[in-house]
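Biologist: Please pick one part of this model and walk me through it closely, end to end. I'd like to know what it sits against.

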Amino acid sequence: MGRTFQGKASLDIRDSRADWEAFLDNRAPKDAPNVLVVLYDDTGQAAWSPYGGRIEMPTLDRLARNGLTYSQWHTTAVCSPTRSCFLTGRNHHQNGFGSISEAATGFPGYSGHIPLENGTIASILRDAGWSTFWIGKNHNVPVDAFGMSASKKKWPLGLGYDRFYGFIGGETNQWYPELIEDNHFVDQPAQPEDGYHFSKDIADKAIRFIRDSKQGDPDKPWYMWYCPGANHAPHHAPQEYIDKYKGKFDDGYEAYREWVLARMIERGILPEGTELTPINPMPENVAAGGDMVRPWASLSDDEKRLFSRMAEVYAAFSEYTDVQVGRLIDYLEESGQLANTLIFYCADNGASGEGSPSGSVNENLFFNGFPDDVERNLAMIDRLGGPDTYNHYPTGWAVAFSTPYKMFKRYASFAGGTCDPLVIHWPKGIKARGEVRDQYHHCTDIVPTILECCGVPLPDTLDGVPQAPLAGVSMAYSFEDASAPTRKKTQYYEMAGTRGIWSKGWKAAALHAPMPSDQGGFDRDVWQLFHTDVDRSEARDLSAEHPEKLKELVELWMTEAEKNNVLPLNDLNVHDQHAAEFHAPKRDRYVYYPGTTEVPEAVAAGTLGVSFKMLAEVEFTGDSQGVIIAQGSRFGGYSLFVKGGKLFYVYNFLGVPPEQRLVTEAPRLGRHVVGVEFVKERISDLGEAFGQMTLYVDEEVAAQAAFRTQTGRYALCGEGLCVGYDGGDAVSSEYKPQFPFSGGRVVKVVFDIADDVYIDVERKLAAALARD
C-alpha cells in the first residue's frame, strides 16, 4: 500500500470520496536505475583479466573499461556470511551468519537466521517500486529450513524477492544442479548431452524474468541479484573453453604470482613496491596441514601436468560463465536498459583452498575429511570439468589467484581471504570511465550504495519492525573523485576462528587456522600488525615497532566483536561441526513415500557413520525396474534399485571405485519388503565406517559383504533422499539420472536408526504399514 487512506467513506457512496492511490504499490522515483548485482564465488583479485590475471573475462573487461575497478574492496572470507551482507547491509554476525548455513549453531551470531530488524535490500526496493529477482546460488536459507515441511519465510520469496531461480546451499553440480523455482523444486530443462549447463540456464532465466516484468510495466525498474555457481567447486565447463587454456598455467603457481604481481602494479591495482608474501605464511605451530602449499619445484612431472589442467578448467569455468553474463548485458543494451542499470560485478571471498595441497577430482572428499589420491586423480585428468568429476584445484592455485596476499578463502585474518574484485558500471550515473578506485570498502557497503543511487532512504520500520542502522557506508562519493578520502573508518573480520581488524589504514591479524582445526586457545593467539596504507599485501609485521597501536586494535576488535554478536569463537573440527548443524528433531523411525520432493540431507534419515536399517515395501511385477530409493550422487551416496530382473544395493563411497554392491534376484510378483541393514563395527582414522551390509528380501538374507560407509556427508548441498527415482546425478554407473521406478509400485520406505534387530524392524514396518 502506498500510503494511508485519505478519502471519505460515508453511508452512501454518492457522498463518499475514493482514494484508490492508497491501495496501489509505490512507484519508484522518475528515472530510477535498475540494479544488477553479479556475485561470483571463490575468486581472488589476481584471477581475472581486469586485474591483470590470465582468466579472460570479456564481459567484465567491457564493464571495467566503461566503469570503475576497486582495488581495496573486501568481504567476510566465506560465501554465506558475505551474501548476508549483500542482503541487509549489516555485518555477517549481526545477520546470524558468522558461518555458512550448514555450520549454524545456537548462538545469535551463528544461527543462520537473519533478524527481522535487518530488513533486506529486496524488501526495501520492492516496497519502493522495484521488481526484485534472485537468480542462481542461494546460501542463506537456514539449514533447519531446507526441507519442504519448513516455513518458507527465510527463503528468497520470504525475503522480499518476487521471483527466484537457482539452488539452495553452498554449491551444486553444474551439469546436474539442484533447481528451485520460487518455493518449489523443479527438474532441469535439459541434460548435459543436450548442451545443458547451469551458467547458461540462469542467463536464460534472468533475461526472461526481466522481459516478463517489462512487458507488464515498461517503466518499472528492477533489482536482480545474479549469483552464478562459478567459481565454486565443482569446476565444470564445456570442453571448448577448457581447450582454450591448454598450457597457459604450465609455469606453475609460484611463477604466476610473480607474473601477475607485475601486471597488477602496472594496471594501478597495487602500488609500486608491493611485496609478495610467502606461499606458506602461517607458523608451523598454528598452520593447518590441509591448507599448506606444495612448492611447484617439489612436484613430479605428472603432478605438474595434473595441477596445470585443474587451473585450466577453473579458468574455463570462469570465462564461460562470464560469457553467459554477457548475454544478459547484451540484452540490456539491445533493449535500451544498460545505460541506466547500476551494475556491481564482484566475488564473495578469496580463491578457495578447499581442494587440499594436491587438488581433487571430488571435492566431497574434503567435506568428509578424507584424503585425495594423486594417482586416482591423474587417471581422471582428461575428464576434468565434465560430468564425471567434481573437481577442485590445489591450494597452490588458491594462493596464486589471491596474489599478492597471504592465504585464501576462510582466512578472515588476511587479505587473501577478504580482498576481492569489484567493478561498478553505471553510464548514466558515473562519468568516469576505466579508472581504478583505491578507497577501502567492504561488502556491507553495497546496500548503502544501492539505496543512495536509487534515491531510497533506509526506512525506520519495515513490515512493522523497527530497523537497525546499516553497518556500511555508501561508496557513491568515490564515483567521480578518485582522490576522495576513504569514508570507511573501521571494519572487523572473523571467520571460523580467524580474526582481523582494519581501522584508518592499519590492520591487526591474529595467527589462527580456521575450522577444522580444533586449535582453540584464542586468548593465546599471537597478533600481527600491518600498515596497509603503505603495505597493501600485509607483508611486513610491525607489531614489535608499534606495540601500542597493536594493543589499540586488538581492544577495538573485542569491542566490535561484542557489539556484533561475534562471540563465541568456533574452530571445531568437521565432525563436531556437522553434529552441531542438524537441527531437525531426531527420531529412530523415518518413513518416506514416492511422488514426493527429495528430502535435503540436513533433515533426512541420518545414515552417516551409524548402524541403520532401510526397508522398502514394493509391489513387483515381471517388468519392474528403476530406483526404489537413492541419496547422493556418483561422488558419494547409495541406491536401492531394480535392473534386468536383479535387485541391487549400491554404496558409492565418495566416488572411489569400485562401487560396493550387493545383488540378488528381484522378486517377480506381488508385494515384498526389500532393503538393507548395516551394522557398524568401527570407524577408521580416516573417518570410514566399516561394517557388514546385508541385503534382505522379505525375511531372507539375500547377500552380505563388508562395506565402508561415509561419516561426513553425501553432498554439501542438494542430492537429497529420493523415493522412486534418483534426482540430480546418478549414484550408480548402472543407470542414467532419474531412472524412475516403473512396472510396479514403491509403497513406502522405512529407515530405522535405532539398535533394533532386523526382525523387530520388520514388525515395526508392518505396524507402520497397517496405520496407513
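Modeller: Quick vocabulary first: "buried" is under 20% relative accessible area, "exposed" is over 50%, and "partly exposed" is in between (1.4 Å probe, protein chains only). This is a predicted model, where local features need pLDDT of at least 70 and side-chain atom pairs count only at pLDDT 80 or more, while totals for chains, interfaces and linings use all residues. Residues are numbered from 1 along each chain as its sequence is written, and side-chain values use heavy atoms, with hydrogens and water left out.

Let's take helix α13, which runs over residues 547-563. Helices here are DSSP runs (H or I, at least four residues), strands likewise (E, at least two), and both are numbered from the N terminus. With 17 residues, α13 reaches 24 Å from its first C-alpha to its last, close to the 24 Å expected at 1.5 Å a residue (the expected span is 1.5 Å times one less than the number of residues).

Now for its two sides. Leu-550, Leu-553, Trp-557, Glu-560 and Ala-561 are the buried residues in α13. They sit on the same side of the helix because they cover an arc of only 100° around its axis, going by the directions from the axis to the C-beta atoms. Note that a glutamate, Glu-560, is in that buried set. Flip to the other side of α13 and you meet Glu-548, Glu-562 and Lys-563, which are exposed.

So what lies over the buried residues? The cover includes four strands: β14 (490-495), β15 (498-503), β16 (506-510) and β17 (527-531). Contact here means heavy atoms within 4.5 Å.

For one residue up close, try Leu-556, which is also found in α13. Its relative accessible area is 24%, which means that Leu-556 counts as partly exposed. Leaving out residues up to four places away in sequence, Leu-556 touches Thr-490, Ile-501 and Ser-503. Thr-490 falls in the 490-495 stretch of β14, and Ile-501 and Ser-503 fall in the 498-503 stretch of β15. Take the Ser-503 pairing: Leu-556 and Ser-503 are 53 residues apart in sequence, yet their C-alpha atoms are 9.0 Å apart in space.

Finally, have a look at what comes after the helix. α13 is followed by Asn-565, and the phi of Asn-565 is positive, near 65°.
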